[in-house]
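Reader: Before we turn to individual residues, could you take me through this model by way of a few questions and reasoned answers?

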Amino acid sequence: MPTRLLNTHTGVLCNRDALRSHFMDSPQNSQLLSSCSGCTPNQRTQLIHTTISGYFQFVTFSHRWGAGEPLLRDVEGHSIGDMSSEGGFGKLKAFCDRARQQGYLWAWSDTCCIDKDSSAELQEAIGSMFAWYRRSALTIVYLHDVAKTGSFRNSEWFTRGWTLQELLAPKTVLFYTQDWSLYKNHVGSNHKANVNVIEELEWATGIERRFLTEFSPGMDDARSRLQWASSRRTTRPEDIAYSLFGIFALHLPVLYGESAENALGRLLAEIISLSGDISILDWVGEAS
């Protein structure tokens, strides 16, 4: 589970100690304690896991970063409900509103839920991010450049490096347009289960639907995975490599300040070492 989550009802960012306290004071914990009496050890372990997992179901956010995004220090100790409704703060509030409307208490955004001043926490977050999106109950994708009646095929979201894993990792995704309406009014609970949306995703990404709906991280089809990323861009050049760690199920050091060439070199060397597939050396990806 992520280090921090936003409470969608109070708008307050909670660290792990606060999250633990929330659970201890919850009706779910009282019910758990009552239900555990008389259980076998195996039954108790399963019941604890099921109850805690259910209580901490969370929604992840995927979006194109813009100017003025609220960071940890901007949100910590405040309720986002009391903050500005402009720019990145407004976007964060709208995300939490949609998560709450979908019935979820907890939400996670890459803008304010990571302490980017802590190299250790940043390393943990980058190494865990694929798993967090995979384990999320829902991922909300906000497309700031898609009109209510428009198509997302040319959205900038499809050109960014980090959004590749944010597309592939989640099992359940909902796309929202610039006015926060559901994409083309598709009202189902999961746009990955919508044939029309999947067809558009195939066209926009060049990724086969089997990967879009049932993606497994690892070394299979390594060359294809690199090709999916080849036309994408990241603000920091070395992120073009780091954004692929989860897709290949790799845990490598994050060394901000290294060149993109060095970061990609480390990535490719590890892929070759584990897969034995030297054909990936023919892949050309220009980081910028």
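The exchange below goes from the whole chain to single side chains.

Author: This is a predicted model, in which local features need pLDDT of at least 70 and side-chain atom pairs count only at pLDDT 80 or more, while totals for chains, interfaces and linings use all residues. Residues are numbered from 1 along each chain as its sequence is written, and side-chain values use heavy atoms, with hydrogens and water left out.

Reader: How many helices and strands does the chain have?
Author: Secondary structure is taken from DSSP runs, helices being H or I over at least four residues and strands being E over at least two, numbered from the N terminus. Counted in this way, the chain comes to 12 helices and six strands.

Reader: What radius of gyration does the chain have, against that of a compact globule?
Author: The C-alpha atoms fill a box of roughly 60 × 45 × 40 Å along the principal axes. The radius of gyration is taken over C-alpha atoms, and the globule rule is 2.2 Å times the number of residues to the power 0.38. For 288 residues this rule gives a value near 19 Å, and the chain agrees with it at 20 Å.

Reader: What share of the contacts between residues at least 6 apart in sequence joins residues at least 24 apart?
Author: Contact here means heavy atoms within 4.5 Å. Among the contacts in the chain between residues at least 6 apart, the share that joins residues at least 24 apart is 62%.

Reader: Which helix gives the most to the largest nonpolar core?
Author: A nonpolar core is a set of buried Ala, Val, Leu, Ile, Met, Phe, Trp, Tyr and Cys residues joined through side-chain atoms within 4.5 Å, where buried means under 20% relative accessible area, exposed over 50% and partly exposed in between (1.4 Å probe, protein chains only). Of the 85 residues in the largest such core, Leu6, Phe95, Trp108, Phe152, Phe175 and Leu201 touch the most other members. The greatest contribution to this core, seven residues, comes from residues 119-135, that is, helix α6.

Reader: Which side chain of opposite charge is nearest to Lys192, and how far away is it?
Author: Lys192 lies in the loop between β6 (173-176) and α8 (195-205), and its contacts beyond four places in sequence include Leu167, Val173, Ile198 and Thr213. Charge is assigned as positive to Lys and Arg and negative to Asp and Glu, with His and the chain ends not counted, and a salt bridge needs a side-chain nitrogen of Lys or Arg within 4 Å of a carboxyl oxygen of Asp or Glu. Lys192 is buried yet has no salt bridge, the nearest side chain of opposite charge being Glu214, at 8.7 Å.

Reader: Which backbone oxygens does the side chain of Lys192 reach?
Author: A polar contact is a pair of N or O atoms within 3.5 Å; within protein, one must be able to donate a hydrogen and the other to accept it, and residues adjacent in sequence count only if both atoms are side-chain atoms. The side chain of Lys192 reaches the backbone oxygen of Pro170 at 2.7 Å, and a polar atom of that side chain lies 2.8 Å from the backbone oxygen of Leu212.

Reader: Which parts of the chain does the salt bridge between Lys91 and Glu69 tie together?
Author: The structure holds 15 salt bridges, and in the one between Lys91 and Glu69 the closest N and O atoms are 2.6 Å apart. Both Lys91 and Glu69 are buried. Because Lys91 lies in helix α5 (residues 87-101) and Glu69 in a loop, the pair ties together parts 22 residues apart in sequence, namely α5 and the loop between β3 (58-63) and α4 (72-75).

Reader: Which side chain is joined to that of Glu121 by a polar contact of 2.3 Å?
Author: Glu121 lies in helix α6 and is buried, with a relative accessible area of 11%. Its side chain reaches the backbone nitrogen of Asp115 at 2.8 Å, whereas the polar contact of 2.3 Å joins Glu121 to the side chain of Arg4.

Reader: Is Trp180, which has a positive phi, buried or exposed?
Author: Trp180 is not a glycine, yet its phi is about 65 degrees, and its place is in the loop between β6 and α8. With a relative accessible area of 12%, Trp180 is buried.
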